[in-house]
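Me: Hi! Could you walk me through this model?

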Amino acid sequence: MKEHKVVVIGGGSGGLYTAAGLARLHVDVALVNITEKLGGDCLHSGCVPSKSLIYASTQGMTWEQTTEHIRKVIAEIQVHDSVERFEGLGVSVYIGHAKFVSPYEIEVNGQRIRAKKFVIATGSKPRELPIEGIETIGYLTNESLFHLKEQPKSLGIIGAGPIALELGQAMSKLGTNVHIINRDKEILGQFDRSIRTTAASYFDKEMTFYHQAQVERVEAQGNQKLLIFNDGKQLLVDEIMVAAGRVANIGSLRLENAGVAMKEGFIKVTDTHQTTKAHIYAIGDVIDTYAHTHAAGLEARAVIEHIIFPKKKKDLYFDFSAIIYTSPEVYQLFGNENEVVETLQVTSKDIDRYKTENMEDVIIRIGIDKKGNIINAQAVGPHISDLMQLVAYTKRMKKSISTWSSMTVPYPTHAQILQQIANTYMSRTLEKPIVQNLIKTYISIRGLGK
Ligand SMILES: Cc1cc2nc3c(=O)[nH]c(=O)nc-3n(C[C@H](O)[C@H](O)[C@H](O)COP(=O)(O)OP(=O)(O)OC[C@H]3O[C@@H](n4cnc5c(N)ncnc54)[C@H](O)[C@@H]3O)c2cc1C
Ligand SMILES: NC(=O)c1ccc[n+]([C@@H]2O[C@H](COP(=O)([O-])OP(=O)(O)OC[C@H]3O[C@@H](n4cnc5c(N)ncnc54)[C@H](O)[C@@H]3O)[C@@H](O)[C@H]2O)c1
């Protein structure tokens with residue numbers, strides 16, 4: 001029997017962050033991962049291959065060059081996420097499926113490991129759809145697309161979330177005829193209409209959308225695949241990809257042996273990320289928060305702190321934001337809509353730098369409270385997400401957007417769009433009768449009035 005103080009299960013974004021963080025603090029920590037290739041979804045079938053595919057699609061690469069580029073980027077990052085590196089940091093690494101045999105004991109390849117605390121970070125996998133015939137004829141997911149030997153001439157993607165939009169647009173730019181099948185009325189339902197329609201106006205040029213559509217049945221037709229919709233419509237494609245949400249990866253964990261409960265398909269946690277057994281934490285995609293690498297990192301940090309100083313961390317997701325890396329990018333800074341007293345909107349139409357680039361479609365919307373403090377934000381535009389980090393930072397610092405108006409912003413930069421919002425906000429304050437009267441009185445006292 002091996003013994004450690006903390007065992008982290010899952011060597012993806014959340015698990016690696018937790019194991020490395022605890023090891024740096026001299027905690028006796030072990031990490032269990034199914035394969036020696038640490039890095040999880042993000043490195044092998046998520047963020048890294050998808051952003052490499054997006055890059056390749058803007059460089060006119062062939063499919064062979066694209067898959068080679070993806071392979072090379074993963075291999076380069078894999079060095080950073082290697083077993084040797086983690087062992088060098090002081091983490092004991094076990095390779096194999098972890099399964100609980102009791103609340104304080106797991107088994108990996110027949111070996112028992114005891115620990116005082118566990119952190120489950122086993123991630124998520126694509127949701128399977130109950131479509132007749134789909135298991136028989138086969139389909140792609142984010143786990144197989146990047147390794148295809150041949151580029152499909154046409155691709156039907158079931159689902160219209162970030163995975164479908166990012167991968168669909170990149171495949172289209174690479175020359176595949178992409179069809180997106182969306183069960184909802186439109187895409188990007190959580191965004192303001194102005195942002196939604198702007199993004200859709202770009203996507204509509206590159207992909208064919210089928211809204212309020214459900215695929216009922218699929219069948220093979222020669223080398224191709226026929227999708228049959230609930231309204232009888234049909235679509236013939238080379239390949240089908242399913243990107244219709246995620247489910248928690250708990251398959252082999254035997255959570256029932258540990259007394260860890262689930263809620264609506266994900267591991268149930270408190271706001272300190274403790275499961276129904278307080279010494280077992282869960283973070284990342286296996287719980288129902290934001291399914292992003294930086295959310296897994298944030299939760300890992302909170303769990304490290306909680307293991308060491310058992311105190312709740314307040315407002316963990318206070319400045320949490322997410323980006324859909326399409327062109328244009330679509331950005332969202334989360335915050336409680338009930339606290340918003342006003343939403344300010346600015347477009348690129350009046351910003352000189354955007355004019356020089358014929359770029360009229362950038363929209364930024366910022367929800368503020370009565371002091372001008374930022375509550376939430378949404379934006380659409382090329383590379384807009386880097387600029388929006390200043391918005392998130394201003395929220396984190398709990399500063400009013402009026403602070404941007406005193407910044408010296410070099411001319412002509414895209415950042416002037418943020419100063420424009422601040423100036424609009426400030427000039428409205430200046431135009432208030434009470435403020436105008438005060439100014440007039442002061443100017444007159446100084447003997448400078450008309
Ligand atoms: C196509 C795509 C693109 C994405 N793009 C982005 C992006 O641009 N930005 C972003 O922030 N997020 C992105 N995401 C989301 C991001 O990849 C996930 O949120 C993140 O990987 C979750 O990290 P995790 O640690 O929870 O799980 P994972 O990274 O999936 O790690 C889970 C690990 O647990 C291991 N495991 C599972 N079961 C066991 C077991 N029983 N025993 C031992 N080990 C086990 C797995 O092998 C895996 O290594 C994307 C996702 C997809 C699918
Ligand atoms: N840039 C990023 O940060 C990034 C990129 C990709 C994925 N991710 C993460 O991965 C998660 C999963 O992404 P996703 O795109 O699979 O999921 P999602 O849950 O965000 O979207 C699923 C989409 O599929 C549609 N859908 C569901 N069932 C359907 C059906 N039967 N037929 C047609 N449409 C159907 C839904 O209406 C929705 O539009 C996201 O929540 C996101 O957090 C992040």
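Reply: Happy to; we can go from the overall fold to the ligands, a helix and the salt bridges.

Me: Great. What should I know about the model and the numbering before we start?

Reply: This is a predicted model, where local features need pLDDT of at least 70 and side-chain atom pairs count only at pLDDT 80 or more, while totals for chains, interfaces and linings use all residues. Residues are numbered from 1 along each chain as its sequence is written, chains are lettered from A and ligands numbered from 1 in the order in which they are written, and side-chain values use heavy atoms, with hydrogens and water left out.

Me: Thanks. How many helices and strands does the protein have?

Reply: There are 13 helices and 23 strands. These are DSSP runs numbered from the N terminus, with helices being H or I of at least four residues and strands E of at least two. The C-alpha atoms fill a box of roughly 90 × 60 × 40 Å along the principal axes.

Me: And what share of the residues is buried?

Reply: Of the 450 residues in the protein, 49% are buried. Buried means under 20% relative accessible area, exposed means over 50%, and partly exposed is in between, using a 1.4 Å probe and protein chains only. The accessible surface of the protein is about 22,600 Å², with 51% of it belonging to carbon and sulfur atoms. Those areas come from the Shrake-Rupley method with a 1.4 Å probe, and for residues only the protein chains shown count as cover.

Me: What about contacts between residues far apart in sequence?

Reply: Among contacts with a separation of 6 or more, 61% are between residues 24 or more positions apart. A contact here means heavy atoms within 4.5 Å.

Me: On to the ligands. Which residues are closest to ligand 1?

Reply: Gly-14, Asn-33, Lys-51, Asp-285 and Thr-293 are the closest of the 35 residues that surround ligand 1. A residue is counted there if one of its heavy atoms lies within 4 Å.

Me: Which elements supply at least two residues each of that shell?

Reply: Those are α1 (13-24), β2 (29-33), α2, α3 and α9 (293-308). By class, the shell around ligand 1 has 11 nonpolar, 20 polar and 4 charged residues. In that scheme Ala, Val, Leu, Ile, Met, Phe, Trp, Tyr, Cys and Pro are nonpolar, Asp, Glu, Lys and Arg are charged, and the others, Gly among them, are polar.

Me: Any N or O distances for ligand 1 I can check?

Reply: Sure. An oxygen atom of ligand 1 is 2.7 Å from an N or O atom in the side chain of Lys-51, and an oxygen atom of the ligand is 2.8 Å from an N or O atom in the side chain of Asp-285. For Asp-41, a polar backbone atom is 3.2 Å from a ligand 1 oxygen. Taken alone, ligand 1 exposes 1,000 Å², and the protein buries 91% of that.

Me: Nice. How many residues surround ligand 2?

Reply: Ligand 2 has 23 residues around it, with Glu-166, Asp-184, Ala-291, His-292 and Ile-323 the closest. Helix α7 (residues 162-173) gives the most to this shell, with 3 residues. The classes are 11 nonpolar, 6 polar and 6 charged.

Me: Does the backbone come into it? I'd like distances.

Reply: Polar backbone atoms of Ala-291 and Gly-245 lie 2.7 Å and 3.0 Å from ligand 2 oxygen atoms, respectively. Ligand 2 taken alone exposes 840 Å², of which the protein buries 79%.

Me: Back to α3. Why is it described as largely enclosed?

Reply: Because 8 of the 11 residues of helix α3 (residues 47-57) are buried, it is largely enclosed by the rest of the structure. Among the buried ones are Val-48, Leu-53 and Ile-54. Their cover includes α2 (40-44), α4 (63-80) and α7.

Me: Last topic: how many salt bridges are there?

Reply: A search of the whole structure finds 19. A salt bridge is a side-chain nitrogen of Lys or Arg within 4 Å of a carboxyl oxygen of Asp or Glu.

Me: Which residues are linked in a network?

Reply: Lys-99, Glu-105, Glu-107, Arg-112 and Arg-114 are linked by salt bridges. Glu-107 and Lys-99 meet at 3.9 Å, N to O, and Arg-112 and Glu-105 meet at 2.9 Å, N to O.

Me: Is Glu-105 buried or exposed?

Reply: Glu-105 is buried, at a relative accessible area of 10%, while Arg-112 is partly exposed at 36%.

Note on methods
A polar contact is a pair of N or O atoms within 3.5 Å; within protein, one must be able to donate a hydrogen and the other to accept it, and residues adjacent in sequence count only if both atoms are side-chain atoms.
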